[in-house]
Amino acid sequence: MVNKISGTTTFMGLLGNPVDHSKSPIIHNTAFEALGLDHVYMAFKVEDGKLNDAVKGLKALGSKGGNITMPYKTKIIEYLDEISPEAKIIGSVNTIKIDEDGKVTGYNTDGKGFVKSLEEKDVEFKGKKIVIAGAGGASKAIAIQLAFDGAGEIVLFNRTLENAISIADNINKNIPTCKASARIMNEEDLVEEIEDSAVLVNCTSIGMKESIDQAIISSPSQLPSDIFVADIIYDPEQTKLLKIAQEAGCKHMNGLKMLIWQGAIAFKIWTDKDMPVDLITRDIFGE
Ligand code: ATR
């Protein structure tokens, strides 16, 4: 791919710190190559206090935009000319587009990526109740997007109750078609709430790294068999929660398709073209 870079090649950039483990460069560069697009995607580690300079640099060098990751998803809003409605409510931006005239628009494709991966599995969530465990950045983007896209009720469980309350209040204030509430993380209450829910989403880090042998639910008997179980973790591929869901006979998915779809939606914003999602899923992630 490097050999194909020419005097006409334009670039997209990831701004964050750290950026070295990001999957975005391989996803986008593979897609650019597959579609024969004259673009390249680079990851840039931006030191504290340098975000404004980095955005000015992208503009000055004619970049079409890129992605924003930790710790700048909120800070970037100061440097935008426009923000999409869902990113405004979420208060977080993971994608920017830079127009020919230098106008910078911010979007959030994390929640949209999750919704797209649910739709791909034919999960019906409009007007339905959804239970979300966790109230961090990913939970916020997913909860607000689900509310935006028609979820009827969202119950957020979190270890730190205030964080769940803040997301629920945000939804109730901005998206009155969805009723949101917050509860402190507790297995008994979680089991009670999922009884009449269509979807359970794990947005906590329980199930990865040091908590690899843990799950928000401890046995298959606690899951109604018609609930769809989503875990946003994709490494490991099958978390303990997803093993339990499988044993309970529930349809389920991990976070890989959310990762790919959030990239595909950003790709469409920059290029107006559809990312070859099946090719990316197969060639990069072997699924
Ligand atoms: P992300 O960007 O993936 O959303 P995050 O913002 O750090 O990551 O959020 C991590 C989520 O996992 C939070 O909801 C966190 O709960 P707190 O708000 O109480 O910190 C949750 N989490 C992490 N470790 C946990 C644990 N051991 N038990 C319960 N919840 C945990």
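1. An open sheet of six strands, arranged in the order E2-E1-E3-E5-E6-E4, shows mixed pairing. At its edges stand strand E2 (39-45) and E4, each of which pairs on one side only. The model described in this note is a predicted one.

2. Two helices are to be noted against this sheet. Helix H1 (residues 24-35) packs on it and touches strand E1 (10-16), E2 and strand E3 (65-68); the direction of H1 makes about 170° with that of E2. Helix H9 (residues 256-271) lies across E1, E2, E3, E5 and E6 and runs at about 10° to E5.

3. The mixed character of the pairing can be followed at E6. Strand E4 (residues 82-83) and strand E6 (residues 104-107) run parallel and are joined by two bridges. Here Glu82 stands opposite Thr105 in E6, and Ile83 has Gly106 as its bridge partner in E6. Strand E5 (residues 95-98), by contrast, pairs with E6 in the antiparallel sense, over four bridges. Within that pairing, Ile96 stands opposite Gly106 in E6. Gly106 is thus named in both pairings, as the partner of Ile83 and opposite Ile96.

4. E5 and E6 form a hairpin, with five residues between the two strands. In the turn, Gly102 has a positive phi of about 90°.

5. Two cis peptide bonds deserve inspection in the loops that follow E1 and E3. One joins Asn17 and Pro18, with omega about 5°; Pro18 is found in the loop between E1 and H1. Another joins Met70 and Pro71, with omega about 0°, and Pro71 lies in the loop between E3 and E4.

6. A further open sheet is made of six strands in the order E9-E8-E7-E10-E11-E12, and its pairing is parallel. Strand E9 (179-184) and strand E12 (252-253) each have a single partner strand, so one side of each is left without a neighbour in the sheet.

7. At the E9 edge, strand E8 (residues 153-158) pairs with E9 in the parallel sense over six bridges. One residue pair in this region is Leu156 with its bridge partner Ala182 in E9. Helix H6 (residues 161-174) packs on the sheet and touches both E8 and E9. The direction of H6 makes about 175° with that of E9.

8. One backbone feature belongs to the loop between strand E10 (199-202) and strand E11 (228-231), where Lys209 lies. The phi of Lys209 is near 45°, a positive value in a residue other than glycine.

9. Which residues come nearest to the ligand? Of the 13 residues around it, these are Ala135, Ala138, Asn158, Arg159 and Thr160. By class, the shell around the ligand comprises four nonpolar, eight polar and one charged residues.

10. Polar contacts to the ligand involve both backbone and side-chain atoms. A polar backbone atom of Gly137 is 3.1 Å from an oxygen atom of the ligand, and a polar backbone atom of Ala138 is 2.9 Å from a ligand oxygen atom. In the side chain of Asn163, an N or O atom is 3.0 Å from an oxygen atom of the ligand. The ligand on its own has 650 Å² of accessible area, of which the protein covers 63%.

Technical notes: Residues numbered from 1 in each chain as written. Predicted model: local features only at pLDDT ≥ 70, side-chain atom pairs only at ≥ 80, totals over all residues. Heavy atoms only, no water. Pairing = 2+ DSSP bridges. Contact = heavy atoms within 4.5 Å. Axes fitted to C-alpha atoms, helices over the stretch in contact; angles between N-to-C directions. Near = heavy atom within 4 Å. Polar contact = N/O pair within 3.5 Å; in protein donor to acceptor, adjacent residues only side chain to side chain. Areas by Shrake-Rupley, 256 points an atom, 1.4 Å probe, with all protein chains shown as cover. Nonpolar A, V, L, I, M, F, W, Y, C, P; charged D, E, K, R; others polar.
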